[in-house]
Amino acid sequence: MSQEVDQRMEQQRQAREARSGVGFGLAAYLMWGCFPLFFALFEGVPAWEILIHRVLWSCFFLVGLVSLLGRWAPIRAALAEPRRLGRVLGCAVLIGINWGLYIYAVESRQVLQASLGYFMTPLVNVALGLLVLRESMSRLQGAAVALAVAAIALQLLLLGELPWISLTLALSFGTYGLLRKQVPLDGLSGLFVETLLLLPLGLLALAWLSAVGASHFGEGGEVSALLVASGVITALPLLAFAGAARRLRLATLGFLMYLNPSVQFAIALLVFREPLSTVQLGTFVLIWLGLALYSFAAWQAHRRQPRLEA
């Protein structure tokens, strides 16, 4: 009887953890999806200047957050071995490129391309796993990647141009994920070390902007507050994602991941009124079909995994 009660209480605890995990996951991906609304507020501020402040204020905010959570041990361990920081520096450069290009996409009202890039990222991850890590690829995954290639070819042939913003966002974030797997740091600690490595360059760039009178920081209270807030909003969804990752299965997290580019897609059409041509729609349809195959393949692989008995 006591064992049944214990099992029932454990099931209830797991159900509560799962519900809170879904809540954290929804919060993280909704915040990421709504980023275009935030970065659209920077009227007249160049994307690269916003990037500088995003790096600086992210780093400063994370100092307080890491101190509050008492998470300095893994960071000190990483910084104590400079020779092992090469991959972290690579991650920092890639995430900087990704952030900067994303801000540019919002400022130039190309959020549809940004959305397409993040829809493509899981398929890029599969391709990178095959090419770099020599991982095996199932037939369904191969078909999913083939559909992504067909989508890019469709735009190239019919529009005469590559969706370069989408491709660069997907490749930079996919490669970032590839390197990040090889870095023994959790999400929060890793982001702090990455921004810390970019901090000297950011401070030099800010000093140069101030010296030539091109800095927008300090010109007005609203713009300055937004620049500072860019660092805070970078860390908040990461914290929510960490809470979700601890409580949910990877399959559930993978499903929630599509919420981010879906929200961006809706914002691009409904808020920014970006035009969606027939060719662009066809590109999205091919990518969505590829994601459907990818998700089905992931679900099948999860079902085949042996379940541990209690």
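This is a short tour of a predicted model, going from the overall fold to the core, a salt bridge and a surface patch.

**Whole chain**

Start with the cartoon view of the protein. Colour by secondary structure: 13 helices appear, and zero strands. Read along the sequence, the pattern is α-α-α-α-α-α-α-α-α-α-α-α-α.

Next, colour by relative accessibility. Of the 310 residues in the protein, 41% are buried. Switch to the surface to see about 16,500 Å² exposed, with carbon and sulfur atoms supplying 66% of that area.

If you draw a contact map, consider the contacts with a separation of 6 or more. Residues 24 or more positions apart make up 84% of them.

**Nonpolar core**

Select F39, F42, Y102 and I287 and show their side chains. The largest nonpolar core has 74 residues, and these four touch the most other members. Then select helix α5, residues 86-107, which contributes 11 residues, the largest share of this core. In soluble globular proteins, nonpolar side chains tend to be buried together.

Centre the view on I287. Which residues does I287 touch, leaving aside those up to four places away in sequence? They are L116, F119, M120, L123, A148 and A151.

**Salt bridge**

Now select R180 and E194. Their side chains meet in a salt bridge, with an N to O distance of 3.4 Å. The pair links distant parts of the chain: R180 lies in helix α8 (residues 164-180) and E194 in helix α9 (residues 187-211), 14 residues apart. Side chains of opposite charge can pair when their charged atoms come close. By the rule used here, the count for the model comes to one salt bridge.

Are R180 and E194 buried or exposed? R180 has a relative accessible area of 14%, so R180 is buried. E194 is buried too, because its relative accessible area is 2%. Both assignments rest on the cut-off for buried, which is under 20% relative accessible area.

**Surface patch**

Finally, select L130, L131, V132 and L133 and turn the surface on. They form a nonpolar patch on the surface, and together they have about 340 Å² of accessible area.

Pick L130 from this group and trace the backbone: L130 is in helix α6, which covers residues 111-131. Its relative accessibility is 35%, so L130 counts as partly exposed. That class lies between the buried limit of under 20% and the exposed limit of over 50%.

Conventions
Residues numbered from 1 in each chain as written. Predicted model: local features only at pLDDT ≥ 70, side-chain atom pairs only at ≥ 80, totals over all residues. Heavy atoms only, no water. Core = buried A, V, L, I, M, F, W, Y, C linked by side-chain atoms within 4.5 Å. Buried < 20%, exposed > 50% of the residue type's maximum accessible area, 1.4 Å probe, protein only. Helix = DSSP H or I, 4+ residues; strand = E, 2+ residues; numbered from the N terminus. Contact = heavy atoms within 4.5 Å. Salt bridge = Lys/Arg side-chain N within 4 Å of Asp/Glu carboxyl O. Patch = residues over 30% accessible without salt bridge, like charges linked within 9 Å, V, L, I, M, F, W, Y side chains within 5 Å. Areas by Shrake-Rupley, 256 points an atom, 1.4 Å probe, with all protein chains shown as cover.
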